[in-house]
Amino acid sequence: MSIALSLEAVSKEYPGEVFALRDVSVQVTRGEQVAVVGPSGSGKTTMLTVMGTLERATRGEVRVAGHDVAGASDAELAGLRAHQVGFVFQEFHLHDAVAALDNVALGMLYTGRPLSQRREAARAALERVGLRHRLMHRPPMMSGGERQRVAIARAIAKRPLIVLADEPTGNLDSKSGGEVIDLLHELASDGATLVLITHEETIAAGFARRIQMRDGEIAFDEAQ
Amino acid sequence: MTATTARLARPDRIAPARLPLSQLISTALQALRTRRLRAALSALGIAIGIGAMVAVVGISASAQANLIAEIDALGTNLLRLTPGQTLLGANEVLPATSVPMIGHMQNVLSDAAVYQVSSANVYRNPLVPTAQTGGIGVDAAGENLPEVMSATMTSGHFLDSVSDRFPEAVLGAEAADVLQIGHVGGHVMLYLGNTWFTVVGIMSSATLDTSLDSTVFISLPVAERMFAVQPNPSEIYVRANQNQVPQVSNLLAATADPQQSDGVQVSRPSDALEARAAAKGQSPRCSPGSARSRCWSARSGSPTSWSSACSSAAARSACAARSAPPDATSQPNSWPNPRSWPCSAASPA
């Protein structure tokens, strides 16, 4: 099987010799579902942003979908994110003034596809997450769980190779959170690679592979 | 799954992010449409900013435009002759024949001479200390000076035939301010050269040569009789045919003083004003008179042409600076003062 994500001796250092990541090495194969757990400040989100090319590593090699991130320009990384990576954030980051359909279509803006095609893909994604009846509703008219499902639809509508979720249940109650996690599992079972950050051990227990982080290092990885 | 058994996904070229222009525009319009208050406030802010900029620039441009319009109204065909200096630095003197000679020139419409009365000072009354001259000079002038200078009278009248026989004086605008004489009603007197003079008129500011503003004018016969003034002009103002200004200018120095034409300086007062406007940041608009403006150097005997009309403010400024009196360049905010020219006699003080 091919590797979707590869971090090799990756460090992320901020001014003042603050290490958010320290010699992290991890590989995620295509279609794999990984939960990343750890206390606050352990480097989970930093690792996710490095995986998603939102930040560049200070040292080490990062490969996303087979591409070496260090040698890629910012424009190439934007293309990589536009086509290969879907993000789900705890805060949803939805455009409150536009309908769910256009929110999802907006997530594919940089793919260069025409609006009609993007809307068609957005409709399919929203139907897939169970929001067929909410296509034209704006986020303020939806519940937290529905908003997160819109965000998930936005992440998967372009059929990315990798879905990165940063505590997607953090703002949801346990019932809605459970539904979101089930949905992510279901979607990832189609072949997408899923890396999910969570604080909740019960959610992490549902993943075949768990990575435990502490002080910027991988304390435990079930794959090793 | 371990790393050793896995193989990397194919490292093809990364597909670039693309945002076609049509989608960029539609997305921008969508943002405007969906966030109307923000768009409106942004537009308001931009409008206020642009309005402020336009106002700041407009006020300055308006002032300059007014100045240029005023210059055009006064005419750009005025030329001024002044005596210069010899190569050794001695002051030249314009001959007494220069005025009639210039008057006979073809394409000279009118001319007026000014004669400096350096031996006299003017005071409000004899009790004023002699050192307090207020910077006011005394000149003798002909009757047609206001006409040639396009100056008007704010009160009374200019010198006339009566002034040739009696001690009458006319005040420049600034001189009137300094002497605190606002009108000539009644019997306003001045103490000039130990003699009482009657003030018969007050001139408005002579825009084309504001050095005249700080002057008190008396008639030449009176000046000759009372102060022994020689009829050698300190300045001659010439109105030339509008279409023949360069040609007239080329001939003026030789006509005024055929023997010492190098000692005559010819300048065009309107050029200095336009250069001043240009130096403030905006090129003056073209006018029939200024379109082919030149500055002349009588010393070199040849005109210095500007490469293109109204296209180079810097060139015009430099040209005007050459034709301006020496101290004018050291006082950028003041008008050229002929009294301080080397050719002029000493200050009345």
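1. Where in chain A is the place of A:Asp23? In this predicted model, A:Asp23 belongs to strand E2 of chain A, which covers residues 18-29. Its phi is positive, at about 50 degrees, although A:Asp23 is not a glycine. Most residues other than glycine have a negative phi. A:Asp23 counts as partly exposed, because 15 C-beta neighbours lie inside 10 Å.

2. A residue of chain B invites a similar remark. B:Ala228, which is likewise not a glycine, has a positive phi near 55 degrees, and it is found in the loop that runs between helix H6 (220-227) and strand E11 (235-240) of chain B. With 9 C-beta neighbours inside 10 Å, B:Ala228 counts as exposed.

3. The next point concerns strand pairing near the start of chain A. Strand E1 (residues 2-14) of chain A pairs with strand E4 (residues 59-64) of chain A in the antiparallel sense, over five bridges, and in this pairing A:Ser6 stands opposite A:Arg63 in E4(A). E4(A) is also joined by two bridges to strand E5 (residues 67-68) of chain A, again with the strands running antiparallel, and here A:Val64 stands opposite A:His67 in E5(A). E4(A) and E5(A) form a hairpin with two residues between them, and A:Ala65 in the turn has a positive phi of about 50 degrees.

4. Chain A also contains an open sheet of six strands, arranged in the order E6-E7-E8-E3-E9-E10, in which the pairing is mixed. Its edge strands are strand E6 (85-88) and strand E10 (217-221) of chain A, each of which pairs on one side only. From one strand to the next, the twist averages 20 degrees. At one end of the order, strand E9 (residues 209-214) of chain A pairs with E10(A) in the antiparallel sense over four bridges, and the bridge partner of A:Gln212 in E10(A) is A:Phe220.

5. Which strands of this sheet does helix H1 of chain A touch? Helix H1 (residues 44-51) of chain A packs on the sheet and touches strand E3 (33-37), strand E7 (162-166), strand E8 (193-197) and E9 of chain A, its direction making about 155 degrees with that of E8(A). H6(A), for its part, lies across E3, E7 and E8 of chain A and runs at about 155 degrees to E8(A).

6. The packing of H6(A) against another helix deserves its own point. Helix H5 (residues 144-156) of chain A and helix H6 (residues 174-188) of chain A pack at an angle of about 15 degrees, with their axes 9 Å apart, and H5(A) and H6(A) are therefore roughly parallel to each other. Their crossing is right-handed. The residues that meet include A:Gln148, A:Arg149 and A:Ile152 in H5(A), and A:Glu179, A:Val180 and A:Leu183 in H6(A). The residues of the contact of H5(A) with H6(A) divide into six nonpolar, four polar and two charged.

7. Chain B as a whole has nine helices and 14 strands, and 39% of its 349 residues count as buried. Of the contacts in chain B with a separation of 6 or more, 74% are between residues 24 or more positions apart.

8. Is B:Ala272 buried or exposed? B:Ala272, which lies in helix H8 (residues 269-279) of chain B, is buried, because 26 other C-beta atoms lie within 10 Å. The C-alpha atoms of B:Ala272 and B:Asp209 are separated by 9.7 Å, although the two residues are 63 residues apart along the chain.

How values were computed. Residues numbered from 1 in each chain as written. Chains lettered and ligands numbered in written order. Predicted model: local features only at pLDDT ≥ 70, side-chain atom pairs only at ≥ 80, totals over all residues. Axes fitted to C-alpha atoms, helices over the stretch in contact; angles between N-to-C directions. Parallel < 35°, antiparallel > 145°, perpendicular 65-115°, else oblique. Left-handed = near helix turned anticlockwise from the far one by under 90°. Contact = placed C-beta atoms within 7 Å. Nonpolar A, V, L, I, M, F, W, Y, C, P; charged D, E, K, R; others polar. Pairing = 2+ DSSP bridges. Buried ≥ 20, exposed ≤ 12 C-beta atoms within 10 Å, placed from the backbone.
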